[in-house]
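Student: I've got a model open and I'd like to work through how its pieces fit together. Can we go through it one question at a time?

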Amino acid sequence: MTRLALHRCMLLQRLVEERIVALYRQGRIAGSVYTGYMQEAVAAATGLALAPGDVVAPLNREQACHYARGVTPADVFRNFLGKGDGPTRGRDGNMHFGVPARGVFPLVSMLGDLVPVTVGAALAFKRRGEPRVALTYFGDGASSVGDVHEGLNLAAVWRVPAVFVVQSNQYAYSTPTERQMANTNLSERLTGGWSIPCVRVDGTDALAVYEVARDAVERARAGEGPQALEAVTLRGHGHAGHDAAAYVANELRLRFGDPIERLEARLRLDGLEEGELAALRDDAAAEVAAGLADAEAAPDPNPATLEDGVYATPLP
Ligand SMILES: Cc1ncc(C[n+]2csc(CCOP(=O)(O)OP(=O)(O)O)c2C)c(N)n1
């Protein structure tokens, strides 16, 4: 069951992002697009490792985590197309949205800022005695930001039920990890530097990430303090839609396999027939097509609501 859920969430991210890149190239999306191509296993597996009452703060590259929490492709398309009934009611045309009812925090663009936010949520759970966990992500680039250090430090001192997922995807913009930090082993830095146990895992292996994430979430829930995992991946596309990532060496591309193909190979070993796999792909494609049609038909925002949610209502 988990394997099929992993497959569905990963495939939805892959297919939705393909459509989003096409919409961007058609000039129908404002700003830029940032995909999690080839990192889908990490987002899906960590999202599915959480319980319904837990909270999560995903970044741009973790769209599959939204699907694991019950957000739909239609919600995502409505946001990208700036629709009036989308998650941000047309204020954003990207992944900068949350769905509080699903325990998904909105993305904060400032790198690293979701770490202290997540630590705050975990601290609230601890103080209230609630058996809930807060999980967030950060990249190798963000790992050098001050807010990350401050958040990790307090998480460890206060022993809050937080889980940190480090996406070691080899690049921050066009800067390779070895030009960002002297010690590129982020697990070592988390475990040795902040005393947060961190397990390094192959980020293209959805089942391995799921096992490690589930253990980390359950240890955090059991009161063992913050936990971490480092998923070693490759950012499959450039930093954003404008970046062809010509600076990424071919040897590096060959070293990392496609996480979806890898999971499908495993499903075949489990006995899934080609026809059954094709049906899973067709179901995901149909869900994505229906989500896009739904979003395209959705109303644009009413300009009269432009200032809603920006200014406090004046006192009489
Ligand atoms: C505090 C801050 N500094 C700089 C930026 C600009 N910026 C956005 S993404 C990025 C690179 C992030 O690299 P990494 O954390 O490795 O994540 P990846 O893009 O590889 O997923 C930078 C420098 C920002 N958003 N926030």
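Tutor: Sure, and keep in mind that this is a predicted model. Let's begin with a helix pair: the crossing of H5 and H6 is left-handed.

Student: How are H5 and H6 oriented relative to each other?

Tutor: H5 covers residues 114-128 and H6 covers 146-158, and their axes sit 8 Å apart at an angle of about 20°. Angles under 35 degrees count as roughly parallel. So the word for H5 and H6 is roughly parallel.

Student: How many residues of the contact of H5 with H6 are nonpolar?

Tutor: On the H5 side the contact uses Val115, Pro116, Val119, Ala122 and Leu123, while H6 brings a set including Val148, Leu152 and Trp158. Sorted by class, there are one polar and two charged residues, and the nonpolar ones number 10.

Student: Now H1 and H11: are they parallel or oblique to each other?

Tutor: H1 (residues 2-25) and H11 (residues 274-297) have axes 9 Å apart, packed at about 45°. That angle lies between the 35 degrees limit for roughly parallel and the 65 where roughly perpendicular begins. H1 and H11 are therefore oblique.

Student: And how many charged residues are in the contact of H1 with H11?

Tutor: His7, Arg8 and Arg19 are among the H1 residues there, and Arg281 and Glu287 are among those of H11. The class split is nine nonpolar, one polar and, for charged, four.

Student: Switching to the sheet, which strands are at its edges?

Tutor: Five strands make an open sheet with parallel pairing, ordered S1-S2-S3-S7-S6. An edge strand pairs on one side only, which here picks out S1 (55-57) and S6 (198-202).

Student: Which residue in S3 is the bridge partner of Tyr137?

Tutor: S2 (residues 134-139) and S3 (residues 162-168) pair in the parallel sense over six bridges. In the bridge that involves Tyr137, the partner in S3 is Val165.

Student: What angle does H7 make with S6?

Tutor: Compare H5 to begin with: that helix lies across S1, S2 and S3, at about 165° to S2. H7 (residues 186-194) packs on the sheet too, touching S3, S6 and S7, and its direction relative to S6 is about 170°.

Student: Last one: which residues come nearest to the ligand?

Tutor: By class, the shell holds seven nonpolar, six polar and three charged residues. Of the 16 residues around the ligand, the nearest are Leu111, Gly139, Gly141, Ala142 and Ala172.

Conventions
Residues are numbered from 1 along each chain as its sequence is written. This is a predicted model: local features need pLDDT of at least 70, side-chain atom pairs count only at pLDDT 80 or more; totals for chains, interfaces and linings use all residues. Axes are lines fitted to C-alpha atoms, for helices over the stretch in contact, and angles run from 0 to 180 degrees between N-to-C directions. Helices (H or I, at least four residues) and strands (E, at least two) are DSSP runs, numbered from the N terminus. Angles under 35 degrees count as roughly parallel, over 145 as roughly antiparallel, 65 to 115 as roughly perpendicular and the rest as oblique. A crossing is left-handed if the near helix is turned anticlockwise from the far one by less than a right angle, and right-handed if clockwise. Two residues are in contact if their C-beta atoms, placed from the backbone, lie within 7 Å. Ala, Val, Leu, Ile, Met, Phe, Trp, Tyr, Cys and Pro count as nonpolar, Asp, Glu, Lys and Arg as charged, and the others, Gly among them, as polar. A residue is near a molecule or strand if its C-beta atom, placed from the backbone, lies within 6 Å of it. Two strands pair if DSSP finds at least two bridges between them.
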